[in-house]
Amino acid sequence: MDKIKIGKRAVDALKATGAKYDVWDSDIAGFCVRVGPTGGKSYYLKYRIGGGRGAVVKWGLLGKHGVLTPDQAREMAQAWAAQVAGGGDPAGQKIERRQAPTVAELMGEYLADHAAAQNKPATVAYAKDVVNRVICKDAIGRLKVADVSGADIARFHKRLSKTPTFANRAKAILSKAFSLAELWGYRPQNSNPCVGVKAFPELARNRFLSESEFMALGKALALAERGELTTATDGKVKPAFVSKWALAAFRLLIFTGARSGEIAGPQGLRWEWIDFEKGRADLPDSKTGRKPLMLPPAALEVLVDLGRPESGKGFVIRGGYGADPELPIENLKRPWGFIRQAAGLGDLRIHDLRHSFASVMVAGGASLPVIGALLGHSDVKTTARYAHLSTAPLRAASDQAGGRLQALLKGPKDGAQVVSIRGGRQ
């Protein structure tokens with residue numbers, strides 16, 4: 001068949017013959033439309049890579065007719081021909097692009113090859129939740145890693161703006177994954193699209209229990225221990241069961257200032273770590289590594305009431321019905337919801353018990369370094385959040401001095417003797 005100028009009218013006129021055949025363009029060398037045995041049509045560019053006997057002939061598929069118009073196919077053929085002239089291989093690049101990983105696939109590699117090996121179990125669990133529940137279900141998860149731009153990250157970040165702290169954590173996880181993408185050859189070096197996307201401002205939450213709130217919490221715990229705790233749902237009052245293991249966990253968190261994961265869960269407190277004589281538990285691992293957890297008498301009393309097993313081993317806070325010492329409690333959210341509702345502390349998180357422990361220490365005169373050591377802070381900046389509480393004794397002294405000076409300025413009453421501030425004679 002003679003060459004034709006590939007256009008709509010010419011392509012529409014091509015008919016099926018029961019055998020495959022190619023029709024070449026009269027203007028662009030190597031550009032053709034291939035007609036299949038049943039009449040399907042596709043556009044190709046035939047070209048050579050290299051020269052001489054070592055040259056490789058390639059048939060680059062531009063696209064199918066119907067997906068591409070003849071004019072679009074012609075434009076692509078011209079662009080590809082220019083790449084070939086410059087030593088490129090457009091068909092090979094197209095295949096590589098098609099085989100390149102998506103963001104969702106990158107996140108799978110990040111979890112399996114990096115997070116699982118480098119991070120603490122709690123961090124891995126959090127990252128998995130963010131990846132599976134948010135990143136992979138978002139539009140960004142379907143993008144090719146090589147194609148993601150800073151604008152794509154900014155739009156993803158903005159879509160989570162109602163929860164700014166979570167949005168920042170999700171962006172941080174993406175940023176780490178894209179740094180690994182550079183190392184793994186999926187993107188050029190220094191091309192992380194998360195760099196430059198500004199984090200949302202975060203308001204640090206430092207919720208502390210007041211004395212009256214501690215008393216309300218104590219009352220709710222006592223009700224639960226007696227089996228008298230109730231919860232109101234849809235106007236109906238129902239019994240609320242909280243296991244002795246969960247109740248013990250709450251009291252231990254209150255008395256030690258420990259992180260929730262250090263007491264309950266798969267990495268939680270075990271009997272074999274506890275030394276009753278020294279009043280401490282030696283945690284082999286925590287968020288900041290090995291850590292001695294101090295156990296004051298109140299915490300030891302909780303442990304004695306639970307009863308140490310004869311083997312001296314197993315989780316202190318057990319799950320299920322407590323029959324299996326190697327079955328830790330899964331989470332404390334549901335029982336904590338019952339307790340805080342009964343105490344009228346609907347905004348109180350379990351982690352706020354740790355903050356409250358620190359606030360009581362500050363009020364008792366403990367220094368910030370001591371507080372940081374007890375809580376297991378690796379960064380002094382973390383402990384610094386409690387610095388403002390340490391001004392309470394200063395305020396008390398200031399108020400006392402101010403009141404005395406105010407009384408002196410008002411002068412003596414009814415001939416009362418004026419006493420020198422320094423204790424000397426007037």
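Which residues do ring pairs link into a cluster? Trp24, Tyr44 and Trp59. Hold on to those three, and I'll walk you there strand by strand.

Quick housekeeping. This is a predicted model, so local features need pLDDT of at least 70 and side-chain atom pairs count only at pLDDT 80 or more, while totals for chains, interfaces and linings use all residues. Residues are numbered from 1 along each chain as its sequence is written, and side-chain values use heavy atoms, with hydrogens and water left out.

Okay, the N-terminal strands. When I say helix or strand, I mean DSSP runs numbered from the N terminus: H or I of at least four residues for helices, E of at least two for strands. And buried is under 20% relative accessible area, exposed is over 50%, partly exposed is in between, with a 1.4 Å probe and protein chains only.

Start with E1, residues 21-24. Tyr21 and Val23 point to one face and are buried, whereas Asp22 and Trp24 point to the other and are not. That's the textbook pattern: in a regular strand, side chains alternate between the two faces of the sheet.

E1 runs antiparallel to E2, residues 31-35, with four bridges joining them. Strands pair, by the way, if DSSP finds at least two bridges between them. Across that pairing, Tyr21 sits opposite Val35, and Trp24 sits opposite Cys32. The hairpin has six residues between its strands, and in it Gly30 takes a positive phi near 85°.

Now, E2 itself. How many of its five residues are buried? Five of the five, so E2 is largely enclosed by the rest of the structure. Phe31, Val33 and Val35 point one way, Cys32 and Arg34 the other.

On to E3, residues 41-49. E2 and E3 are antiparallel too, joined by five bridges, and Arg34 has Ser42 as its bridge partner in E3. This hairpin has five residues between the strands, with Gly39 at a positive phi near 105°. Gly39 is partly exposed, at 24% relative accessible area. Its C-alpha is 9.1 Å from that of Ala19, and the two are 20 residues apart in sequence.

Which brings us back to the rings. The rule takes rings of Phe, Tyr and Trp (its six-membered ring) and pairs them if their centres lie within 6.5 Å; planes under 30 degrees apart are stacked, over 60 edge-to-face, and the rest tilted. By that rule there are five aromatic pairs. Take Tyr44 and Trp59: their ring centres are 6.2 Å apart and their planes are at 75°, so this one is edge-to-face. The pair links distant parts of the chain, with Tyr44 in E3 and Trp59 in strand E4 (residues 56-64), 15 residues apart. Tyr44 is buried at 15%, while Trp59 is partly exposed at 34%.

Next, the cores. A nonpolar core here is a set of buried Ala, Val, Leu, Ile, Met, Phe, Trp, Tyr and Cys residues joined through side-chain atoms within 4.5 Å. The largest has 44 residues, and Ile317 and Ile339 have the most contacts inside it. Elements giving two or more residues to this core are helices H8 (211-225), H9 (244-256), H11 (297-306) and H12 (333-343), plus strand E8 (280-283). H9 gives the largest share, nine residues. Apart from this core lies another, of 29 residues, including Val103, Val124, Val148 and Ala167.

With contact meaning heavy atoms within 4.5 Å, and leaving aside neighbours within four places in sequence, Ile317 touches Trp245, Ala248 and Leu252, among others.

E8 also turns up in an open antiparallel sheet of three strands, ordered E7-E8-E9. E7 (274-275) and E9 (291-294) are at the edges with a single partner strand each, so one side of each has no neighbour in the sheet. Two bridges pair E7 with E8, and Ile274 has Ala281 as its bridge partner.

One helix before I stop: H6, residues 150-159, where Asp152, Ile153, Phe156 and His157 are buried. Looking down the axis, the buried residues fall within an arc of 135° (taken from the directions from the helix axis to the C-beta atoms), so they line one face of H6. Their cover includes helices H5 (121-135) and H7 (164-183).

And an oddity: Asn190, in the loop between H7 and H8, has a positive phi near 60° without being a glycine. Asn190 is exposed, at 76%.
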